[in-house]
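The following exercises concern charge, burial and backbone geometry. Please work through each task before reading its solution.

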Amino acid sequence: MSDDEHQGEPAADTPTPRMLAWSRNSALYRLSRRMMTERELSDAIARKAKQKFEDISEVQVKALSAAAVEFGRSMLALDDTAYAEVRARSSARGGKSKRAIGRKLIEKGVDREIVQQALEYTDDFLSALVFARKRAFGPYRRPDVEVDDKRQAKEFSAFARNGFGFEIGRRVMAMDRDEAEEMLADRPFI
């Protein structure tokens, strides 16, 4: 092929206009369906680009991912800080500990500093009460269930596996049902 024939084709390192249009459309579709972190969107676009386009180079894949992330930011649909805050509040209301929430956000590619800011206003004790209510532990235990050492150890273990410290588990287990309900009613989640 001569140099004149080569000019019509883009270099192997730059994505074609069709690829870039697909990248924007795919990002728009994904972001319209649910909130995502920058890394989640980038990984999804990269994975799909490799499936969709034959003989795509790694440089082109990275360029498409970067273009999708930039498009998401420009549309104000991609914001890791907002994502972390929403997920932290939602997870805390669902009975997750700060430790579990932070681990999940970091897994999804959110910067550690952003995670710390998002977790600043969550309350592990309130989350532990919600967790106890969901699992029927401590103050929410059915009256017909007998409390023995084995049962108590099982409940403390569940608190620990879900990222709650022993002291928080002990405080929750020592409460009665009315006191627990009052605490949840008085201090709504942020």
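## Exercise 1. The positive patch

Helix H9 (residues 149-161) contributes the most to the positive patch, with three residues. The model is a predicted one, in which local features need pLDDT of at least 70 and side-chain atom pairs count only at pLDDT 80 or more, while totals for chains, interfaces and linings use all residues. Residues are numbered from 1 along each chain as its sequence is written, and side-chain values use heavy atoms, with hydrogens and water left out.

Task: State which residues form the positive surface patch.

Solution.
1. Patches consist of residues with over 30% relative accessible area and no salt bridge, with like charges joined within 9 Å and nonpolar side chains (Val, Leu, Ile, Met, Phe, Trp, Tyr) within 5 Å. Lys and Arg count as positive, Asp and Glu as negative, and His and the chain ends are not counted. A charge is placed at NZ of Lys, CZ of Arg, CG of Asp or CD of Glu.
2. The patch comprises Arg 135, Lys 150, Lys 154 and Arg 161.
3. Lys 150 is found in helix H9; helices are DSSP runs (H or I, at least four residues), numbered from the N terminus.
4. Lys 150 counts as exposed because its relative accessibility is 70%. The classes are buried (under 20% relative accessible area), exposed (over 50%) and partly exposed (in between), with a 1.4 Å probe and protein chains only.

## Exercise 2. The two sides of helix H7

Task: Determine which residues of helix H7 (residues 112-119) are buried, and how they are arranged around the axis.

Solution.
1. The buried residues are Ile 114, Val 115, Ala 118 and Leu 119.
2. These residues cover an arc of only 130° around the axis, so they lie on the same side of H7. The arc is that of the directions from the helix axis to the C-beta atoms.
3. Glu 113 and Gln 116 are exposed on the other side of H7.

## Exercise 3. Salt bridges

Task: Examine the salt bridges of Arg 73 with Glu 70 and of Lys 104 with Glu 107, and explain their spacing in sequence.

Solution.
1. A salt bridge requires a side-chain nitrogen of Lys or Arg within 4 Å of a carboxyl oxygen of Asp or Glu. By this rule the count comes to 11 salt bridges.
2. Arg 73 and Glu 70 meet at 3.3 Å, N to O. Because they are three residues apart in helix H4, about one helical turn separates them.
3. For Lys 104 and Glu 107 the N to O distance is 3.8 Å. These two residues are likewise three residues apart, in helix H6 (residues 98-107), and therefore separated by about one helical turn.
4. An α-helix has 3.6 residues a turn, so residues three or four places apart point the same way.
5. In addition, a network of salt bridges links Arg 34, Glu 40 and Lys 108.

## Exercise 4. Positive phi

Task: Locate Asp 55 and Leu 76, and give the sign of phi for Asp 55 and for Leu 76.

Solution.
1. Most residues other than glycine have a negative phi, and most peptide bonds are trans.
2. Asp 55 has a positive phi of about 55° and is placed in the loop between helix H3 (38-52) and helix H4 (58-74). Its relative accessibility of 77% makes Asp 55 exposed.
3. Leu 76 has a positive phi near 60° and lies in the loop between H4 and helix H5 (80-93). Leu 76 counts as exposed at 78% relative accessibility.

Technical notes
Accessible areas come from the Shrake-Rupley method with a 1.4 Å probe; for residues, only the protein chains shown count as cover.
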